[in-house]
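This report describes the helix packing, strand pairing and ligand shell of one structure. The sequence and the model are shown first.

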Amino acid sequence: PFDVLVVGGGPSGASAAIYAARKGIRTGIVAERFGGQVMDTLGIENFISVKYTEGPKLVASLEEHVKEYGIDVMTPQRAKRLEKKDLIEVELENGAVLKSKAVIISTGARWRNLGVPGEAEFKNKGVAYCPHCDGPLFEGKHVAVIGGGNSGVEAAIDLAGIVKHVTVLEFMPELKADAVLQERLYSLPNVTVLKNVQTKEITGTDKVNGITYIDRATEEEHHIELQGVFVQIGLVPNTDWLRDTVECNRFGEIIVDKHGATSVPGVFAAGDCTDSAYKQIIISMGSGATAGLGAFDYLIRN
Ligand code: FAD
């Protein structure tokens, strides 16, 4: 059996595995795809101490660092069940069962997609999901934010300070964000809010040049010229496979304490799949380190 088995090979999983392996204990990573969301990222400008890098390049360095420690990396493998017996068992979709004294879950999250034409095509070419990551790329430009919940309105307020103009599109007749956020939003001179509208298409040639939406009251179609679209309709944690096993919050995020421990003894979690605030590479690596050390601490006490 492993001493520490990490499920998920994004930045949090890599960090957790390195911290564990540096204690001289038997460590493994099982992941569907090494690198996680970072593999889908083009430019990265907020990984502190590195002014600019690109997703696949950062993933290559992560992989190189992980390989320094003889960590057993098993990909592409999807976990489908976790059970605590004497040891903790992780069953894979191919039927294999891995056993470990401690497990760190770092299965990340995925942005909910709009599913309209142009979204996939212009991803990283004007279609973005993370205002903290990509906001500065749109300085002086006109962007749309799709989604009028808390994250959409927070994104719009944030972007309004950087870009020239922000148009918020909300499907329902009212914004769902907290009143204080809405007040702030409506106080900004360079924000337009469109409610009761359905995004039909993101248009462009080599990159985004506009958005087409339908006014749901009149069924009229409209087109706005703009250069960026931030989709803010939810970040879904990849935790469906263990919601009956570890305690999650109402968003499906795994609840962890300050050592990265979950509700199941010996099971730790890190990164975007947890209830941590703000989902970023540097934050997920930090929580991976916490979970790696938390798991080691657990092992020496049990
Ligand atoms: P992830 O990166 O999501 O990794 C999850 C891992 O778990 C993957 O290996 C996946 O294959 C695996 N996995 C999932 N389910 C299973 C399963 N059932 N069994 C086995 N393996 C599983 N952050 C920044 O700081 N700066 C940026 O510029 C930036 N840009 C971004 C751009 C895009 C397009 C996206 C999508 C995200 C961006 N982010 C950025 C956010 C950042 O990528 C995430 O916060 C970070 O990757 C989270 O790391 P993680 O290890 O928790 O999860």
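## Packing of α4 and α5

In this predicted model, helices α4 and α5 cross with a left-handed sense. Helix α4 spans residues 150-160 and helix α5 spans residues 179-186; their axes come within 10 Å and cross at roughly 30 degrees. Because angles under 35 degrees count as roughly parallel, α4 is described as roughly parallel to α5.

On the α4 side, the contact is made by Asn 150, Val 153, Glu 154, Ala 156 and Ile 157. On the α5 side, the contributors are Leu 181, Gln 182, Arg 184 and Leu 185. Sorted by class, the contact of α4 with α5 holds five nonpolar, two polar and two charged residues.

## The parallel sheet and its helix

Helix α4 also lies across strands β11 (142-146), β12 (165-169), β13 and β17, and runs at about 165 degrees to β11. These four strands, together with β10, belong to an open sheet of five strands with parallel pairing, in the order β10-β17-β11-β12-β13. The edges of this sheet are β10 (127-128) and β13 (191-194), each of which pairs on one side only.

At the β10 edge, two bridges join β10 to strand β17 (residues 228-231), and the two strands run parallel. Within this pairing, Val 127 stands opposite Val 229 of β17.

## The antiparallel sheet

A separate description applies to β14, β15 and β16. These three strands form an open sheet in the order β14-β15-β16, with antiparallel pairing. Strands β14 (197-204) and β16 (221-225) occupy the edges with a single partner strand each, so one side of each has no neighbour in the sheet. The twist from one strand to the next averages 25 degrees.

Strand β14 pairs with strand β15 (residues 208-215) in the antiparallel sense over seven bridges. Glu 201 stands opposite Thr 212 of β15 in this arrangement.

## Pairings of β8

Strand β8 (residues 97-105) pairs with strand β1 (residues 2-7) in the parallel sense over five bridges, and Val 7 stands opposite Ile 105 of β8. Three bridges join β8 to strand β19 (residues 267-269), and these strands also run parallel. Ile 104 has Phe 268 of β19 as its bridge partner.

The pairing of β8 with strand β7 (residues 88-92) is antiparallel and extends over four bridges. Here Glu 89 stands opposite Lys 99 of β8. The hairpin of β7 and β8 has four residues between the strands, and Gly 95 in this hairpin takes a positive phi near 100 degrees.

## Packing of α1 and α2

The axes of α1 and helix α2 (residues 55-67) come within 10 Å and cross at roughly 20 degrees. By the cut-off of 35 degrees, this makes α1 roughly parallel to α2. The crossing of α1 past α2 is left-handed.

Helix α1 contributes Pro 11, Ala 14, Ala 17 and Ile 18 to the contact, whereas α2 contributes Leu 62, His 65 and Val 66. The classes in the contact of α1 with α2 are six nonpolar, one polar and no charged residues.

## The ligand shell

Which residues of the shell are closest to the ligand? Of the 38 residues that surround the ligand, the closest are Gly 8, Gly 10, Gly 36, Gly 108 and Gly 271. The elements that give two or more residues to the shell are α1 (11-21), β9 (109-111) and α6 (281-301). Helix α1 thus appears both in this shell and in the contact with α2.

By class, the residues of the shell comprise 16 nonpolar, 16 polar and six charged.

## Backbone features in loops

A cis peptide bond joins Thr 75 and Pro 76, with omega at about -10 degrees. Pro 76 is placed in the loop between β5 (72-74) and β6 (79-84).

Asn 124, a residue other than glycine, has a positive phi near 70 degrees. Asn 124 is located in the loop between β9 and β10.

Methods:
Residues are numbered from 1 along each chain as its sequence is written. This is a predicted model: local features need pLDDT of at least 70, side-chain atom pairs count only at pLDDT 80 or more; totals for chains, interfaces and linings use all residues. A residue is near a molecule or strand if its C-beta atom, placed from the backbone, lies within 6 Å of it. Ala, Val, Leu, Ile, Met, Phe, Trp, Tyr, Cys and Pro count as nonpolar, Asp, Glu, Lys and Arg as charged, and the others, Gly among them, as polar. Axes are lines fitted to C-alpha atoms, for helices over the stretch in contact, and angles run from 0 to 180 degrees between N-to-C directions. Angles under 35 degrees count as roughly parallel, over 145 as roughly antiparallel, 65 to 115 as roughly perpendicular and the rest as oblique. A crossing is left-handed if the near helix is turned anticlockwise from the far one by less than a right angle, and right-handed if clockwise. Two residues are in contact if their C-beta atoms, placed from the backbone, lie within 7 Å. Two strands pair if DSSP finds at least two bridges between them.
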